[in-house]
Amino acid sequence: MADAEIALDIQNLKKYFGGIKAVDGCTFQVPKGQISGLIGPNGSGKTTTFNLLTGVLAADSGEVLYNGENIVGLRPYEIFNRGISRTFQITRIYREMTVFENMLSASSMKVPLREARARAEQLMEFVTLTKLRGEYGGNLSYGQQKLLEFARALMTDPDLILLDEPAAGVNRTLLNNLLDHIHHLQEEQGKTVLIVEHDMNVIMNHCEKVFVLDYGVKIAEGLPEDIQTNEEVIEAYFGHK
Amino acid sequence: MKKSFVLILGFALALTAAPFVEKSHAMDKVSLGIAISQTGRYAEPAGRMVNSYKLYVDQVNAGKGWNGKKIDFILLDDKSDKQTSIKLYEKLITQDKVNLTIGPYSSGITDAVANVLERYKYPTMAPGASSGIIWKKGRKYLFNIIAIAQDYQKGAIHIARDIGVKKIAIVGEDSLFPRQSAEGAVEWAKKLGLEVVLNENYPRKQTDFTALLQKIKARRAEALISNSYFADAAAQIRQLRELNINLKIFAGTVGPGLPKFAKQLGDTAEYVLGFSQWEPKPAILKRPGMKEFIAAYKKRYGVNPNYHAGQSYASLQIFGDAVAKAGSADRDKVWKALRTMKTTTVIGPWKVDDTNLNQHEGLTFQILNGERKIVWPKKISEVPYKLPMPNWKERGKN
Amino acid sequence: MQEKAEIRSKYWLALFLVAAYTVPFGIGIYTDNVFFDLQWLADLTTVILNGIMQGGVYAMFAVGLTLIFGVMRIINVAHGELVMLGAYLTWMFFFYVGIDPLLALFLTLPIAFVIGVLIQKLLLNAVVGGPELTPLLITFGLGLTIIHIVEAIFTTDYRTIPYAPDALQISESINIGRSKIISFVMASFISISVFFFLKIHRIGKAIRATAQNADVAMVCGINIFHIYMITSGLAAALAVAGGALVSIQFGFNPETGVLYTLQAFAIIVLGGRGHYIGALIGGVMLAVIESLISFMIPNGTAMVEIASYGMMVFVLLIRPRGLMGPKEN
């Protein structure tokens, strides 16, 4: 595991909002072909990190190497087109477009329409949304929206998938369903997955490696069981005493 | 924004000019000052007036002059702006110390400048103003020459009565000049016993008149008296046709008088009535000196003079007569002469009443085969009018 | 709670609109402008039909404004100037080259699209996503510039294009101008085409996706700057098409664009900012009520503007989303 290939090499990433150091020199390497977790207390900079990785926010400094290329400074769609796809903490689907249209909207214009349609059908099948293909996004239940967003993130067959709190607001059955899909992607297709999650069960049971952020800095990384007993991590979560 | 810019420019102009203009005019000359729009939105009609002024001055200076004195003509540009105009007349009077002044173009600017002229007691001809209201303010020094707005529809309403129209609708743009024209139309309708079934205004820039015209139809009006400019008059006649509303008379004011009215509207413009102060038709109007004036103007400028040119030439003729009668360019004497004298110009007889109003009779024309033909007053009509207007369905088939 | 307020505002808006449409009739009866006979009903029908025809054209260019607002959250106050520019382009092709005003669309629309793209590239890209005031000022300046350029070339004279001057007789006493009908048909055709383009075509979908959430669109691989350009081009084309259809009915001069901007604003506020179908419905509704006011209220033509902007203000107060606009978040 130590010599696992690196999918994403994050070096000294920084993002300040005025005086607030949201991400303050964060460095870690996401191993390729694995499911990794990114945890930390509220406000530790997890979502900001995701936004920096996907270009939604522009980093103040630092590097993110993906396939040997620094993707800091690229536009979100450029990063997306290089094979990095994401979901959001609170689902962001197009509420006034149908499920099918939501799916198609994430396909590149360069892909022939027929191919894109076939891919959308396949993915809807995969997340069991085929029956709802004509339904408006806004009419779906929260869990269904989550699935839709997940499926949409897979439209271009990305190599790296960033999931922002997939478990939030989702019932057990659906969550297990979703996690099955994630495992399927990793095991069958060799995808790299990075999950931000509050639900420790998800992290402990499904991630091979965990990174812990606090105040915008990585304070620990390692196997889930090691992290559980790491003193710094416990201190970050439960305060200094 | 534009206005304030012009204003500042005007100030700057006045300031820079100030130290240099302490000119003293030689005793052997009569200086005649005017500020008129050579640029801006009034430039076109005002330009024709300037043409006439230059023509007249050159003619007089080549001949005997005014009482043997040559005219020194001082021409300034008010940029079609009221405030600039006021400044320039102040300058003409206090710095250039001109002997006499002529009024600017447009009723609005004339009304504003009149106060300055009144204060300095400058007898002034106002060929550029047709709003009757200007002479209702007890002014003594501004002299009217042309028919006032209140009389623009006089002919059309007479014709309406003559062809048996009982109900008329009066519409007009919501601004000073059309309102006065409408006011006069209501008066004339009352005098001639016509019923005004609708009297409404519309905002400037109105382009869609369909609902208004439909309302006119619903009110069973037989004639439409439209106190309008070009764009609105053109839109109205066009939309009457689109709605297939058949009226007996459509009478505009200044719009139909423009050559582009008939040109742009084609056969839709046929039978429309319009008003003009004057037309360059010496054979019909038979005013003394008219033929010569038209010939000289056409020779110099390549086009026939229109009424703007006619009335401005006439106003200098009046001034010339007044100076002759007064024996000098002394303003008090000239003023007395203007108040009492009677004369005839290229556009007709001139004599003012107590309020300085001249009873100039304008003329009503009809567009027939794309040409403006004088149809009223009868004594100077070129052709008999062809009214009521034929139905739209019967048009365009010949 | 919020749901309730939402439903209540919907009822208030409906009530307001019913009242707004009733008022002209009330005043009309009170002032003897309503006659209870067949002839008057025919006149009323004519007026309403005319309003609908007119509304169709207004709606079409209002859609352009709503598209830009929807996609970029930019209020383009130069939109009416593009309408005016369209009228002049059509006029030029008609008088100098002798091309039929409708055929000229094949030339004017591509030109308009390029103009729109240029405006986007040179002006709007720099300010999109920033404070809302900046694009407002920029487009305001752009509008003034267009007015002055057109004024310098064509003067402030009113122009008209004589086109299909006659009436189409629908019944004995209901007549509608041919040019109006032609304009309405063209406007409907163009509006519907654009609607289906947005609905079905992939680029159309990308435009809608960007309008709904530009951030998501970006992380889903949509190059939103391409979408901005296409949207601007499309909006300019709609404006210029509007200008062409206006030019065959009405006179125009460089200043008429201002009126069309205001008209388009009133329409998209009523219909719901950013909503396509809302703009179409709003356009027709606004034009019809304007016609009714002009037809039945004494001196109503002078009140039309007050009425339509009054309506805009009321809609903003009662229900800022308008008829169909998306919820503010």
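Between which chains, among the two pairs of chains that touch, are the most contacts found? The most contacts are between chains B and C, two residues being counted as in contact if their C-beta atoms, placed from the backbone, lie within 7 Å. The structure is a predicted model, for which local features need pLDDT of at least 70 and side-chain atom pairs count only at pLDDT 80 or more, whereas totals for chains, interfaces and linings use all residues. Residues are numbered from 1 along each chain as its sequence is written, and chains are lettered from A and ligands numbered from 1 in the order in which they are written.

The contact between chains B and C takes 32 residues from chain B and 33 residues from chain C. On the side of chain B that touches chain C, at least two residues each are supplied by β7 (195–202), α7 (210–218), α8 (230–242) and α9 (259–265) of chain B; here helices (H or I, at least four residues) and strands (E, at least two) are DSSP runs, numbered from the N terminus. Of these elements α8(B) gives the most, with eight residues. By class, this side of chain B divides into 12 nonpolar, 10 polar and 10 charged residues, where Ala, Val, Leu, Ile, Met, Phe, Trp, Tyr, Cys and Pro count as nonpolar, Asp, Glu, Lys and Arg as charged, and the others, Gly among them, as polar.

Chain C also touches chain A, in a contact that takes 16 residues from chain C and 22 residues from chain A. Both α7 (202–212) and α8 (214–219) of chain C supply at least two residues each to the side of chain C that touches chain A, and the largest share of that side, six residues, comes from α7(C). The same side of chain C comprises eight nonpolar, four polar and four charged residues. Chain A and chain B, by contrast, are joined by no contact, and their closest C-alpha atoms lie 37 Å apart.

Within chain A, the secondary structure comes to nine helices and 10 strands. The radius of gyration of chain A is 18 Å, close to the 18 Å that the globule rule gives for 241 residues, so chain A is as compact as a globular protein of that length; the radius is taken over C-alpha atoms, and the rule is 2.2 Å times the number of residues to the power 0.38. The C-alpha trace of chain A spans about 55 × 40 × 35 Å along its principal axes. Of the 241 residues of chain A, 43% count as buried, a residue being buried if 20 or more other C-beta atoms lie within 10 Å of its own, exposed if 12 or fewer, and partly exposed in between, with C-beta atoms placed from the backbone. Among contacts in chain A between residues at least 6 apart in sequence, 67% join residues at least 24 apart.

Four strands of chain A form an open sheet in the order β2-β1-β4-β5, with antiparallel pairing, two strands being taken to pair if DSSP finds at least two bridges between them. The edge strands are β2 (20–31) and β5 of chain A, each of which pairs on one side only. Five bridges join β1 (residues 6–17) to β4 (residues 61–66) of chain A, and A:Lys14 stands opposite A:Ser61 in β4(A). Two bridges join β4(A) to β5 (residues 69–70) of chain A, again in an antiparallel arrangement; A:Tyr66 stands opposite A:Glu69 in β5(A), while the bridge partner of A:Leu65 is A:Asn70. The hairpin of β4(A) and β5(A) has two residues between the strands, and in this hairpin A:Asn67 takes a positive phi near 50°.

Chain B is assigned domain 1 (21–147 + 286–350) and domain 2 (151–276 + 363–394), with bounds that come from an automatic or database domain assignment. The centres of the two domains of chain B, taken over C-alpha atoms, are separated by 32 Å. Seven residues of domain 1 of chain B are in contact with five residues of domain 2 of chain B, and the side of domain 1 that touches domain 2 has three nonpolar, four polar and no charged residues.

In helix α13 (residues 331–340) of chain B, B:Val334, B:Ala337 and B:Leu338 are buried. Seen down the axis of α13(B), the buried residues fall within an arc of 100°, so they line one face of the helix; the arc is that of the directions from the helix axis to the C-beta atoms. The buried residues of α13(B) pack against β3 (100–102), β5 (142–144) and α12 (307–326) of chain B, whereas B:Asp332 and B:Thr340, on the other side of α13(B), are exposed.
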